[in-house]
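Hi everyone, thanks for making the time. I'd like to walk you through a structure that is probably new to most of you, so please have a look at it while I talk.

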Amino acid sequence: MPAAPVIRKAKQPGNAADSGAMSCAHCGDSLSGLKIVSRSIGGRQRDFCCLGCAFIAEQLQLARASDADRVALEASLAQGPTRREVPAGARVQVDVRGMVCAACALLIEHRLRRTDGVASAQVDFAAQRAYVGFDPQRIDAAGVKRAIERTGYRTDAGGRSEARAQRVELLRVLLAWLMMMQVMMLAVPSYVARPGDIPADIEQLLRLAQLVLTMPVLLFSAVPIGRGAWSQLRAGPIGMDLPILLGLGAAFVASAWATLTAHGPVYFDSITMFVALVLGVRWLQARALRAARGHLDDAQRRARLTARRLRGFPASLATESVAAEQLLVDDHVLVPVGETVPADGMVVQGISSVSQAWLTGEATPIEKQDGAPVLAGSVNLEQPLVVRVTRAGEATSLAALRRLVDDAGRERPRIVELANRIAVVFLWLVLAVTLATVVGWGWVDPSQALPAAVAVLVATCPCALSLAAPAALAATQSRLAERGVLTARSAALEALARIDILACDKTGTLTTAEPALTRVIPLRGLRSADVLAQAAALEAVAAHPFARALAQAASKVAVPVAQDVVIAPSAGIEGTVLGRRLRIGKADYALSLAGEAGQGAWARRWPALAAQLPRDDSVVVLADEQGALALFSFGEMLRPDAAMLVEAARASGAEVVLVSGDRAGSVDRVARALGIERAYAQQTPTSKRELVAQLQGTGRRVAMLGDGFNDAPVLAQADVSIALAEGAALAQARADFVVLGSRPADVAGLLHGARRGMRIVRENFLWALVYNLGAIPLAAFGFLSPALAAVGMAASSGLVVANALRARR
């Protein structure tokens, strides 16, 4: 397991000689009186003031290592051409259009990795996107796109082109269903009429009409099936499209020959019905995936930060809006209240507190003033800040997180869908049985060899088999979407049904994202409701998370109006409430209103009061001119349905593991409250990812549930990733599922829906296999005519679709 960072209490420096050693190895702040975070960086043990600085130092070390690799690459290129085992110097993300199945993604990956200058390639079929690392000295981004286009796919991501492609796909589906209905009507007379009831010329006319109506279905509607089969042949792994194309081709050739010779059965109705069903189910799946992909694309756009750069600081505070990537070292930026810090830097003006919950997992706000370092991605809570940029571009904390996300996504285990695993065996079985049928009947009765072989191919056309998974998964995705859960990768439903570990983040996932009021201790005989109303009156003018928590707690009491309010940044608030001067905030600030007498009384009472407060909570004091009036304790609160999620995971056979970047005390308290046995505290994004990778290395299948920036790398690494929509956009960028309501109860419903959906898939597969295994010997030995085989194929497909609709309940 990745070891948690070592944390110890810093000693007070005894002399000047100690002072150099007692400073943070990253930001340079003094460690005196702080809890030190120790990490091994570059083979040396270094001390840091917080988990954030430790994480950034780790990523900068990795970045320096990558720079060294690039220098080695340039030196080797100067000596002559070499293979490209060197890490990529640049990365590009390319939208790919025209993929119809996972085999297309494998084919593109294969071709890209053989392209000179490309060091790594990973193609996400669900997102329709390729992630490519390349050496800019040997190939550029345009060259990468050309390599994809030479494989036979488009790289245009324009909205007009995408909309046109969607209209074409819908037209394919509508045409297939329209032609199916027409062919079915023309085929009905041959099923209900007795022999001789239909004149030969009319019967031939009906056949010709069916042939004409079936042609556009095969030549236009079924093109995606043909593309998929061709991609599977070129890429190597066999999927369901190849057996489908084989069965459809055999049925059509036999039907066309029977029509041209006016002798023998035709299967045009079965052909059109099957194409319509397959395309209809795939279109429903694609529509659900597009909705999820649209949400993820929006999340990626939100993840791109903008900055208010100060053009003439300190002489002027005039700002210009620029992308965070355009900031340079020593630029000055203005960070208003409620906005995100766009780059790593140092505060040069202002006093405020920031939330790093999404970066480090610690929910408690952190005070920042002149000279204090701030990390990109932190949220400013109280007062505007002016920040001098100290690291920009690829050196920032967010850039390091994005690199971790990309690396984890490339190393993520691939999901081989059950249908594709069956397809390989099924294809060879069909070919072997067909060949044996031809050879066997060739010895016994050569005139029956071709009809028997056609009956085998028609009977084994994997209609039910190919619909078994997509129909059930489409119904499951539709039901999940109604509950507010978007599915970005259909194959992830199968993986989610098989997980044995559910790893959960704490802050914002199992607990509320912001601190909540956990305890009120009134003093001097006052009532809790009275002191709560007075505290809420003072905090009404503030934007601090504690102010919002007090306002929520006081929503059912009458809150008076505070007058003559004065805000002391990072200290507290003073004002007049009901004719009495009050202060609320840090103990030393609030009690200074009462003078030395009030502070002395507080010092005597504090040990007894501290014993009544939850451990690791933050404490705020309300005081007047006579001393303390009340204590307010703030900490994390469990979400109301967090316990439901833990129970649902256990009921599905998965162990719940808590993985958080917060302090050990807070993590242990949440773990005990939910009955979670394994909990990991003080985890950086890197150590979270390493933990999941090690679990995967032991054969465990891991799902990760998170919401913060610091969860993005581990979400990309896990077998299945679930992100909450109210969390960080970067965390959603590579998620398999996005929970729009951000409720643990919806995640519990997702676990149940995935297992129920896969149970229906297995039922469908069982029926399809039973039908095919029963029909093959009957067709091979001549007991099942091609016409009856076509009827059986249609009936089995209908049964599979009807069973799949149960997932909608």
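**Two tryptophans to start with**

W606 is partly exposed, with a relative accessible area of 31%. Keep in mind as we go that this is a predicted model.

Where does W606 sit, together with W602? Both lie in helix 19, residues 595-610, and they are four residues apart, which is about one turn of the helix. W602 has a relative accessibility of 12%, so W602 counts as buried. The two rings form a stacked aromatic pair, with 5.3 Å from centre to centre and 25° between the planes.

How many aromatic pairs does a search of the whole structure find? The search finds three. Another one is the pair of F546 and F634, which is also described as stacked: the centres are 4.4 Å apart and the planes differ by 10°. This pair links distant parts of the chain, because F546 belongs to helix 17, residues 545-553, and F634 to strand 23, residues 627-635, with the two positions 88 residues apart in numbering. Are these two rings buried or exposed? F546 is buried at 12% relative accessible area, and F634 is buried at 2%.

Now let's follow each of those partners outward, starting with the strand.

Strand 23 belongs to an open sheet of six strands, and the order across the sheet is 18-23-22-21-20-19, with antiparallel pairing. Which strands stand at the edges? They are strand 18, residues 516-522, and strand 19; each has a single partner strand, so one side of each is left without a neighbour in the sheet. On average, neighbouring strands here are turned by 20° against each other, if direction is ignored. As a general reminder, strands of a sheet pair through backbone hydrogen bonds, either parallel or antiparallel.

Let's zoom in on two places in this sheet. Strand 22, residues 618-624, runs antiparallel to strand 23, and seven bridges join them. If you want a landmark there, find A623, which stands opposite A628 in strand 23.

The second place is at strand 19, residues 562-568, which pairs with strand 20, residues 572-577, in the antiparallel sense over five bridges. Here the landmark is I567, with I573 of strand 20 opposite. These two strands make a hairpin with three residues between them, and in that hairpin S570 takes a positive phi near 60°.

Back to F546 and its helix. Helix 17 has a neighbour in helix 16, residues 528-539: their axes come within 9 Å and cross at roughly 135°. Helix 16 and helix 17 are therefore oblique to each other, and their crossing is left-handed.

For contrast, please turn to another helix pair. Two packed helices are described by the angle between their axes and the distance between the axes. For helix 20, residues 642-651, and helix 25, residues 744-780, the angle is about 15° and the axes are 7 Å apart. Which way do they lie to each other? Helix 20 and helix 25 are roughly parallel, because angles under 35 degrees count that way. Helix 20 passes helix 25 in a left-handed crossing.

Next, let's move to another sheet.

This one is an open sheet of three strands in the order 4-6-5, with antiparallel pairing. Strand 4, residues 90-95, and strand 5 are the edge strands, each pairing on one side only. The average turn between neighbouring strands is 15°, again with direction ignored. Strand 5, residues 118-124, is mostly covered, with six of its seven residues buried. Strand 5 pairs with strand 6, residues 129-134, in the antiparallel sense over six bridges. You can check the register yourselves: A121 has V132 as its bridge partner in strand 6, and S120 has G133.

Before I stop, two charged side chains deserve a look. Which ring does R172 lie over? R172 lies over the face of F220, at 4.7 Å from the ring centre. In a similar spirit, the charged end of R583 sits over the ring of Y589, 4.6 Å from its centre.

If you take one picture away, let it be the stacked pair of F546 and F634, which links helix 17 with strand 23. Thanks for listening!

Methods:
Residues are numbered from 1 along each chain as its sequence is written. This is a predicted model: local features need pLDDT of at least 70, side-chain atom pairs count only at pLDDT 80 or more; totals for chains, interfaces and linings use all residues. Side-chain values use heavy atoms; hydrogens and water are left out. Two strands pair if DSSP finds at least two bridges between them. Rings of Phe, Tyr and Trp (its six-membered ring) pair if their centres lie within 6.5 Å; planes under 30 degrees apart count as stacked, over 60 as edge-to-face and the rest as tilted. Buried means under 20% relative accessible area, exposed over 50%, partly exposed in between (1.4 Å probe, protein chains only). A charge sits over a ring if NZ of Lys or CZ of Arg is within 6 Å of the ring centre and within 35 degrees of the ring normal. Axes are lines fitted to C-alpha atoms, for helices over the stretch in contact, and angles run from 0 to 180 degrees between N-to-C directions. Angles under 35 degrees count as roughly parallel, over 145 as roughly antiparallel, 65 to 115 as roughly perpendicular and the rest as oblique. A crossing is left-handed if the near helix is turned anticlockwise from the far one by less than a right angle, and right-handed if clockwise.
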